[in-house]
Amino acid sequence: MSGASATDQDIRALAERLSDLRDALGNDYWQDRGVRTLQAELRGKIGTYAAWGPDKLPLHQRSRLAARYESELAHLLWPR
């Protein structure tokens with residue numbers, strides 16, 4: 001499997017939108033309803049990333065990538 005999957009692209013696109021919103025909204029980012037909706041969507045995509053599929057990477061690779069996404073994108077999903 002080479003290149004980024006459609007799910008990888010979706011996760012990156014959602015993260016980019018959230019990053020733009022965080023820059024635009026400042027402290028209001030964590031209270032914004034649209035942000036919360038996008039955060040829930042991103043959490044769902046990351047959460048199902050490691051799910052089994054005949055055309056997906058082996059489980060150990062999917063699990064590692066899902067954990068990497070959680071780590072890299074934590075600043076967009078949860079306040080410190």
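A salt bridge is taken here as a side-chain nitrogen of Lys or Arg within 4 Å of a carboxyl oxygen of Asp or Glu. The legends below refer to a predicted model.

**Figure 1. Overview of the protein chain, a predicted model with 3 helices and 0 strands.** Read along the sequence, the helices give the pattern α-α-α. They are H1 (residues 6–25), H2 (residues 33–49) and H3 (residues 59–77). The C-alpha trace spans about 40 × 20 × 15 Å along its principal axes. The protein chain has 80 residues, of which 24% count as buried. Its accessible surface comes to about 5,400 Å², and 51% of that area belongs to carbon and sulfur atoms. Of the contacts between residues at least 6 apart in sequence, 57% join residues at least 24 apart.

**Figure 2. Close-up of Asp8, a buried acidic side chain that has no salt bridge.** Asp8 is found in helix H1. The nearest side chain of opposite charge is that of Arg12, 6.7 Å away. With the limit for a salt bridge set at 4 Å, Asp8 and Arg12 are not counted as a pair. The side chain of Asp8 instead makes a polar contact of 2.6 Å with the side chain of Tyr69. Leaving aside residues up to four places away in sequence, Asp8 touches Tyr49 and Tyr69. Tyr69 is thus listed both as a polar partner of Asp8 and among the residues that Asp8 touches.

**Figure 3. Close-up of Leu14, a buried residue of helix H1.** The relative accessible area of Leu14 is 4%, and residues count as buried under 20%. Beyond residues up to four places away in sequence, Leu14 touches Leu38, Glu41, Leu42 and Lys45. One of these, Glu41, is 27 residues from Leu14 along the chain, and the C-alpha atoms of the two are separated by 8.1 Å. Another, Lys45, lies in helix H2 and appears again in the next view.

**Figure 4. Close-up of the salt bridge between the side chains of Lys45 and Asp10.** The N to O distance is 3.6 Å. Lys45 lies in helix H2 and Asp10 in helix H1, so the salt bridge ties together parts of the chain that are 35 residues apart in sequence. Lys45 is partly exposed, with a relative accessible area of 23%. Asp10 also counts as partly exposed, at 35% relative accessibility. Besides its pairing with Asp10, Lys45 is among the residues touched by Leu14.

**Figure 5. Close-up of the salt bridge between the side chains of Glu72 and Arg12.** Here the N to O distance is 2.8 Å. The pair links distant parts of the chain, with Glu72 in helix H3 and Arg12 in helix H1, 60 residues apart. Glu72 is partly exposed at 34% relative accessibility, and Arg12 is partly exposed with a relative accessible area of 40%. Arg12 is also the nearest side chain of opposite charge to Asp8, at 6.7 Å.

**Figure 6. Charged side chains of the protein chain, 12 positive and 11 negative.** The centres of the two sets lie 6 Å apart. Side chains of opposite charge can pair when their charged atoms come close. How many salt bridges are counted in the model? The count comes to 2. One joins Lys45 and Asp10, and another joins Glu72 and Arg12. Asp8 has no salt bridge.

Notes. Residues are numbered from 1 along each chain as its sequence is written. This is a predicted model: local features need pLDDT of at least 70, side-chain atom pairs count only at pLDDT 80 or more; totals for chains, interfaces and linings use all residues. Side-chain values use heavy atoms; hydrogens and water are left out. Helices (H or I, at least four residues) and strands (E, at least two) are DSSP runs, numbered from the N terminus. Buried means under 20% relative accessible area, exposed over 50%, partly exposed in between (1.4 Å probe, protein chains only). Lys and Arg count as positive and Asp and Glu as negative; His and the chain ends are not counted. A polar contact is a pair of N or O atoms within 3.5 Å; within protein, one must be able to donate a hydrogen and the other to accept it, and residues adjacent in sequence count only if both atoms are side-chain atoms. Contact means heavy atoms within 4.5 Å. Accessible areas come from the Shrake-Rupley method with a 1.4 Å probe; for residues, only the protein chains shown count as cover. The place of a charge is taken as NZ of Lys, CZ of Arg, CG of Asp or CD of Glu.
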